[in-house]
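Student: I've got a structure here and I'd like to check the reasoning behind a few labels. Can we go through it together?
Tutor: Sure, pull it up and ask away.

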Amino acid sequence: MPDAPERANRPALSLHVPEPPGRPGDAPDFSHVQVLPAGATPRPDSATPARAMADMVYGLVRVLNDAGDAVGPWNPRLSPETLLAMLRVMVTTRVYDDRMFRAQRQGKTSFYIKSTGEEAVAVGAAFAMQPDDMCFPIYRQQGLLIARGYPLRLMMNQVYSNRGDPLHGRQLPIMYSSKEFHWFSISGNLGTQVPQAVGWAMASAIKNDSRIAATWTGEGATAEGDFHHACTFASVYRAPVILNVVNNQWAISSFQGIAGGEQTTFAARALGYGIAGLRIDGNDILAVHAATAWAADRARANLGPTIIEHFTYRAESHSTSDDPGAYRPAKEGEAWPLGDPIERLKRHLIRLGAWDEERHAALQAETIDAVRAVQREAEKLGTLGDQTFHDIGTMFEDVYEQMPWHLAEQRAQSAAEVEAARS
Amino acid sequence: MSTMNMIEALNSAHQIVMERDDNVVTLGEDVGYFGGVFRVTAGLQKRFGKHRAFDTPIAESGIVGACVGMAAYGLRPVAEIQFADYIYPAIDQIVSEAARLRYRSSGDWPMPITIRSPYGGGIFGGQTHSQSPEALFAHVAGLKTVIPSTPYDAKGLLIAAIEDNDPVVFFEPKRIYNGPFEGFYDRPASPWSKHPASDVPEGYYAIPLGKAAVVRPGEAVTVLAYGTMVHVARATAEHLGVDAEVIDLRTIVPVDIETIEESVKKTGRCLVLHEATRTAGFGAELAALVQERCFYHLEAPVERVTGWDTPYPHSLEWAYFPGPVRLGLAFKKILEA
């Protein structure tokens, strides 16, 4: 114990527990965020050895400046058509999130997670990858699934766990899965998808395929062992994989300092593994697109993995079960220095002369109508609230390829239970 | 036919399946160039190349996590976890991921993964090289758990496990890699070559998962066992002159309930035997199944003979191990009841 006489003259230790710059009642404070000017961070060739580009993990790749111009070496020089397509998906994602959030509040489902403020992270990646590259996402990349053309109707059916849910109501809302769209089943156990993505990429390389894998994790779950196992495996085998760390500042109520962000950046995790690391403005869809394309080129050339830290902000609650007012300053989101990803792309398109406020307002209105129409269709197949589920017998399917005797017996017992409840 | 010990039989299973199916890859700590600390994967890298048999970092969760991704791609990975005692870091990837992916994706992502691991005690391996954690995996929906007891079964069951489209945990009782062990630790060890089950076909054959084998017919009492304990049961019964019917379960999930039921209804007595700790061990499940299905045929309570509920001790290994003395006392008790 500290007062043992033999230790009487030694200096006392003190534990450091990180604390965010503001709590409820405080003014928002992002003075610790160093916002480098757009265009200021250099762009190394995608074949650059990781050690020779170590500084990138402390930089901040930004393309869109405050005026809405695309500047600097990372400008992906996308056509206005592509930019507009990206804008449409981002708007759709935000509207979809809004409708589903309300549906949860109306008792139509149990749970929902919005991606508000982080749409560029998902949508930018979708446009920079091939549609058959494999994604191992977490639960805030719905924009990517929408960008790939997965039907909103099926997403809603999943969220409602209704009769049209392709996952038979087995998964929590938003845990989408689609083999056809190269989108791996989302897990609620955080970080598990990262070594899985590396394994998929290793398999692709074993088979001399040309497809690569990408995975996303929040900054919070980079503390999981699986993230570090994945980095080791990715480095050892030079796996063709993009390891995205979405640093949205908050893991439920824990600010990014609790995950280790106070002493260094999350991109800097790459240095210890000899992996290329990029730190980018995650609210700048052109930066996301450019960094993803850079990492994809590197992976396709057998030069191995890249860790991309997307520096962004979780503009709303973690989920429908969370109230950020209990742990962070009110209006913190409005003070976020990197702005809103949709507003920034809109400003750029207007600056290019390819868009204007009227057309944007029209797009917004059309999208709301379109998403509502899909929602009405989805609700015809039921919602969790009205309990129009798949048949109870389906609960026992897909546990194994062939149902073993004990499950067949339990299914019969379950059917008898249903009968007993009816009579 | 060749005479093989269990290691050679398991190696032969790998050789045959990897020859037949390009999608089978073998990975794990020391499994590549060196061929595994127990030599089960010897020669695979030389024959099939570094893309098909390779070393991994010491990270069991990384190994199984990578296997999940490989299976999602369409490969059929076979991972070695060097000792069953090291499997715990991979629990999340096994339990929450591999075991559930077919279910949670409604069939989109089956997980044809085999996780092999040397297990059990009797080699003075101390606490970290002796455990029998099969009950933890038997408890998990979506997993199959297999434990062979002879070279012949090891090869046929491993081929079936690798070809199975669901994840299989395959525990290899390392005490019997080189010869059957009857529990008489103070007697000279006998090699597999003196045992008929070391006659192993060189070619392909599979033993279906979920099928037990009656390895010794008898009328007085049914012994349910697997792995090393099958040999202990048979030898002890012979040594004491007990007319025991010894059933080698071979697969504990799914368990062969028909063979169990048939035997217990015939003998009216049932003794379950495992090396693992007693409380909530797989023997508890067996005892429950037997009383649910055979209660009115039972002449005596179901007996459990197991390891003690302690960590596996190093120097006191033989006091821990459920050997012929413990089993003999249980035989006496159940037959006199």
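Student: What distance separates the centres of domain 1 of chain A and domain 2 of chain A?
Tutor: This is a predicted model, and in it the two centres, taken over C-alpha atoms, lie 38 Å apart. The domain assignment puts domain 1 of chain A at 50-379 and domain 2 at 392-422.

Student: What makes α5(A) and α3(B) oblique to each other?
Tutor: Helix α5 of chain A (residues 193-206) and helix α3 of chain B (residues 60-73) have axes that cross at roughly 55°. Under 35 degrees would count as roughly parallel, and roughly perpendicular runs from 65 to 115, so the pair is oblique. Their axes come within 6 Å, and the crossing is right-handed.

Student: How many disulfides are there over all chains?
Tutor: The count is zero. A pair of cysteine sulfur atoms has to be within 2.5 Å.

Student: Why is A:C231 not bonded to A:C135?
Tutor: The sulfur of A:C135 is the closest cysteine sulfur to that of A:C231, but at 18 Å it is too far for a bond.

Student: Why is B:C270 not bonded to B:C294?
Tutor: There the sulfurs are 7.6 Å apart, so that's too far as well.

Student: Is A:C231 buried or exposed?
Tutor: Buried means under 20% relative accessible area, and A:C231 has 0%, so it counts as buried. B:C270 is also at 0% and buried.

Student: What does UniProt place at residues 11-50 of chain A?
Tutor: An unreviewed UniProt entry gives "domain: 2-oxoisovalerate dehydrogenase E1 alpha subunit N-terminal" there. In the model, residues 11-50 of chain A are 0% helix and 0% strand, with end C-alpha atoms 41 Å apart.

Definitions and conventions:
Residues are numbered from 1 along each chain as its sequence is written. Chains are lettered from A and ligands numbered from 1 in the order in which they are written. This is a predicted model: local features need pLDDT of at least 70, side-chain atom pairs count only at pLDDT 80 or more; totals for chains, interfaces and linings use all residues. Side-chain values use heavy atoms; hydrogens and water are left out. Domain bounds come from an automatic or database domain assignment. Buried means under 20% relative accessible area, exposed over 50%, partly exposed in between (1.4 Å probe, protein chains only). UniProt positions are given in the numbering used here, feature names are shortened, and annotations may be inferred rather than shown by experiment. Helices (H or I, at least four residues) and strands (E, at least two) are DSSP runs, numbered from the N terminus. Axes are lines fitted to C-alpha atoms, for helices over the stretch in contact, and angles run from 0 to 180 degrees between N-to-C directions. Angles under 35 degrees count as roughly parallel, over 145 as roughly antiparallel, 65 to 115 as roughly perpendicular and the rest as oblique. A crossing is left-handed if the near helix is turned anticlockwise from the far one by less than a right angle, and right-handed if clockwise.
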